[in-house]
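User: Please go through the model below with me, one question at a time, and give the reasoning behind each reply.

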Amino acid sequence: MGIVVAVVSSLGAPLIPKIATADGVSVTDAQWALTITLLVGAVATPIMGRLGDGPARRTVMLAGLVLVTAGSALAALPTGFATLLVGRGLQGAGLGLTPLTIATARDSLPPHRARPTMAMLSITTVAGVGLGYPVTGLIAEYGGLHLAYWFGALVSLVALLTAGWIVPSSCHLPRARLDVPGAVLLGAGLAALILWISEGDAWGWFSPRSVVAIVVAVVATAAWAGYEVRHQRPLVDLRLLRHRGVLAADVTAVLAGLGMYLLISLVVQFVQTPVGTAGGLGGSVVVAGLVLLPFSAGSFAASRITPALVSRGGGRLLIPAASALALAGTMLFGLLRHNIGELVVVMAVVGLAVGTVFAVMPGMITRAVPAQETGSAMSFNQVLRYVGYSTGSALSAAMLAAHTADGHRYPSASGYTVAAFLGVALWLMSLAAGVLLPTRHRQPAGQTVDEQLLADERIADALPDDERNADRTAALPR
C-alpha cells in the first residue's frame with residue numbers, strides 16, 4: 001500500500017507537461033491532474049482515518065485500493081482530459097491509506113516489530129518520491145503517457161489482491177461513528193485551501209477567485225475547529241493538541257512537508273533547465289527523477305536507523321538534529337549546484353533528514369493518544385503533510401516566477417538561491433519546534449498505544465515459550 005501511495009504521487013507533477021501535450025490543453029489546465037488528486041486525498045484521508053478506527057478498517061482499506069485501481073485504469077484510457085481528471089480524482093483515495101496501514105501494524109504485529117514497522121510505513125510516501133518519479137518518468141518517456149497510468153493500475157491491483165489475502169479482520173474493534181458535519185466542514189476548508197495553494201499562481205494570488213477560496217478556507221476551518229472541540233466524538237480530536245508530542249508532530253509535519261517539496265521542486269526544475277541558463281544542467285525528466293533516488297535511499301536508511309536511536313533514549317533529539325541536517329543540505333543547494341554529483345549529495349542528506357523526521361512522528365503521536373484514536377490522529381497528521389507538500393510546491397513556483405524576467409522562459413540563478421534560503425528558514429523553524437514543543441506531559445485518559453504495546457510485551461515476556469507462541473498463533477487472523 002505504501003508503494004501505491006508513492007506511485008499515485010508520482011503520476012502527477014512529473015507528467016504534467018506530457019498531459020498538456022497529449023490532451024491538447026495548457027500547462028495551467030494540466031496542473032489540475034495534480035490538484036484534483038490532492039483535493040480528494042485531503043478530504044478523504046480524515047474520513048478514512050476515523051472509519052479505520054472501527055470494525056470497517058479492512059473494508060475501507062480494500063475500498064480505497066479498488067478506487068485507486070479503477071482510477072488508474074480510467075486515467076490510462078485515451079478518452080480525453082476530462083476522463084483523466086476523473087481517474088486522478090479516484091486515485092486521490094489512495095492518499096488516505098498510509099495512516100490505516102500504521103494502525104493495522106500496531107494491532108497486528110508483535111510489540112517488538114510494531115514500532116519499527118510504524119516508523120517505516122510513515123516514511124513510505126517520502127521514500128516513494130525518489131523511486132516513483134524516475135520509474136514513472138522513464139515509462140512515460142519511452143512508453144507513452146497512458147502506459148504510465150497502466151503501470152499504476154497494475155501496482156494497485158497487485159496491492160489489492162495482496163491486501164485481500166493478508167490484511168486481518170477488524171470486526172473486533174469498537175464501532176467508530178463518523179462525524180458527518182465535521183467531515184463536511186473540514187473537507188470544505190481543506191479543499192478551498194489546497195485549491196488556493198495549487199491554482200493561486202494561475203489565477204493571481206489576489207484575484208476574486210483566490211480571495212473567495214481563502215475566505216472559504218478560513219471560515220470553514222474555524223467553524224470546524226469550534227464544532228470539533230464541543231463534539232463528543234469528533235472527526236479529529238483537537239483536544240489532543242494539548243499534548244505537546246502531538247502538537248510537535250503536527251507542526252513539524254507541515255514545516256517538513258514545506259521544506260521537502262520546496263527543495264524537490266527546485267531540484268527537478270533546475271536539472272531540466274538548459275545548460276547556460278541559470279546554471280542549469282540540461283537533463284531530461286528521467287535524469288531529474290534519477291537525481292531523486294538518493295533521497296529515497298536516505299529516507300529508507302532513516303527508517304532502519306531511527307527506531308534503534310529511539311529505543312536508546314535519543315528520540316527527543318532526533319527532530320532537531322534531522323532539521324539541522326536538512327537545513328545544511330538545503331543551504332548546500334543554495335550555494336553549490338554546479339553538477340549532478342553535488343545534487344546527489346544534497347538529496348541524500350535531505351532524504352536522511354526528512355526520513356528521520358517522518359519516522360519519529362508515529363511514536364510521538366501514539367505515545368500521547370488513546371489507542372482508539374490512532375487512525376484519526378495519524379490521518380490528520382497525514383493531511384497536514386499534504387498541505388505542506390502542496391504549499392512547498394506552490395512556494396517554489398512562486399519564487400521562481402518572481403525571478404523570471406519578462407519574455408524569458410526560465411528563472412535566473414538568483415531565484416534558485418533565494419528559494420533555497422527560504423527552505424533554510426523553514427527548516428530552522430522545524431528545528432525550533434523540535435526543541436521547544438516536545439516535553440514530558442500527563443498521559444490522556446485511557447491507555448495509549450505505547451502503553452498497550454509495553455503491556456503486551458511484558459505479558460508476552462512473562463509467559464513460557466510454548467504459551468507465548470500459542471498466544472501469538474491464536475491472535476493470527478483466520
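Analyst: Accessible areas come from the Shrake-Rupley method with a 1.4 Å probe, and for residues only the protein chains shown count as cover. The model is predicted, and with that definition the accessible surface of the chain comes to about 19,700 Å². Of this surface, the part that belongs to carbon and sulfur atoms is 68%.

User: How many helices and strands are there in the chain, and what percentage of the residues is buried?

Analyst: The chain has 21 helices and zero strands. A residue counts as buried when its relative accessible area is under 20%, and of the 478 residues in the chain the share that meets this condition is 53%.

User: Among contacts with a separation of 6 or more, what share comes from residues 24 or more positions apart?

Analyst: Contact means heavy atoms within 4.5 Å. Among contacts in the chain with a separation of 6 or more, the share made by residues 24 or more positions apart is 80%.

User: How far apart are the end C-alpha atoms of helix α12, and what should its residues span?

Analyst: Helix α12 runs over residues 208–230, which gives 23 residues, and at 1.5 Å a residue these should span 33 Å. The end C-alpha atoms agree with that expectation, because the distance between them is also 33 Å.

User: Which helices do the buried residues of α12 pack against?

Analyst: The buried residues of α12 are Ser210, Ala213, Ala217, Ala220, Trp224 and Glu228. An α-helix has 3.6 residues a turn, so residues three or four places apart point the same way. The helices against which the buried residues of α12 pack are α11 (180–203) and α18 (374–402).

User: Are α11 and α18 roughly parallel or antiparallel?

Analyst: The axes of α11 and α18 come within 9 Å and cross at roughly 20°. Because angles under 35 degrees count as roughly parallel, α11 is described relative to α18 as roughly parallel.

User: Is the crossing of α11 and α18 left-handed or right-handed?

Analyst: On the α11 side Leu190, Leu193, Ile194 and Ile197 take part, and they meet Val383, Val387, Ser390, Thr391 and Ala394 in α18. The way in which α11 passes α18 in this crossing is left-handed.

User: At roughly what angle do the axes of α5 and α7 cross?

Analyst: Helix α5 covers residues 57–76 and helix α7 covers residues 97–108, and their axes come within 11 Å. The contact is made by Arg57, Val60, Met61, Gly64 and Leu65 of α5 together with Leu97, Leu100, Thr101, Ala103, Thr104 and Asp107 of α7. The crossing is left-handed, and its angle is roughly 145°.

User: Which residues does Leu100 touch, not counting those up to four places away in sequence?

Analyst: Leu100 has its place in helix α7, where its relative accessible area of 0% makes it buried. Its C-alpha atom is 9.5 Å from that of Arg50, although the two are 50 residues apart in sequence. Not counting residues up to four places away in sequence, Leu100 touches Met48, Gly49, Gly52, Arg57, Val60 and Met61.

User: How far apart are the axes of α4 and α6?

Analyst: Helix α6 (residues 81–91) is mostly covered, with eight of its eleven residues buried, including Leu84, Leu85 and Arg88. Those three are among the α6 residues met by Trp32, Ala33, Leu34, Ile36, Thr37 and Val40 in α4. The crossing is right-handed, and the helices pack at an angle of about 35°, with a distance between their axes of 7 Å.

User: Is Val126 buried or exposed, and which residues is it in contact with beyond four places in sequence?

Analyst: Val126 is found in helix α9 (residues 124–143) and counts as buried, because its relative accessibility is 0%. Its C-alpha atom and that of Phe295 are 8.4 Å apart in space, while the residues are 169 apart in sequence. Leaving aside neighbours within four places in sequence, Val126 is in contact with Met260, Phe295, Ser299, Val354, Phe358 and Tyr389.

User: What does Val435 count as at 40% relative accessibility?

Analyst: Val435 lies in helix α19 (residues 413–436) and touches Arg316 and Pro320, not counting residues up to four places away in sequence. Because partly exposed covers the range between under 20% and over 50%, Val435 at 40% counts as partly exposed.

Conventions. Residues numbered from 1 in each chain as written. Predicted model: local features only at pLDDT ≥ 70, side-chain atom pairs only at ≥ 80, totals over all residues. Heavy atoms only, no water. Helix = DSSP H or I, 4+ residues; strand = E, 2+ residues; numbered from the N terminus. Buried < 20%, exposed > 50% of the residue type's maximum accessible area, 1.4 Å probe, protein only. Expected span 1.5 Å × (residues − 1). Axes fitted to C-alpha atoms, helices over the stretch in contact; angles between N-to-C directions. Parallel < 35°, antiparallel > 145°, perpendicular 65-115°, else oblique. Left-handed = near helix turned anticlockwise from the far one by under 90°.
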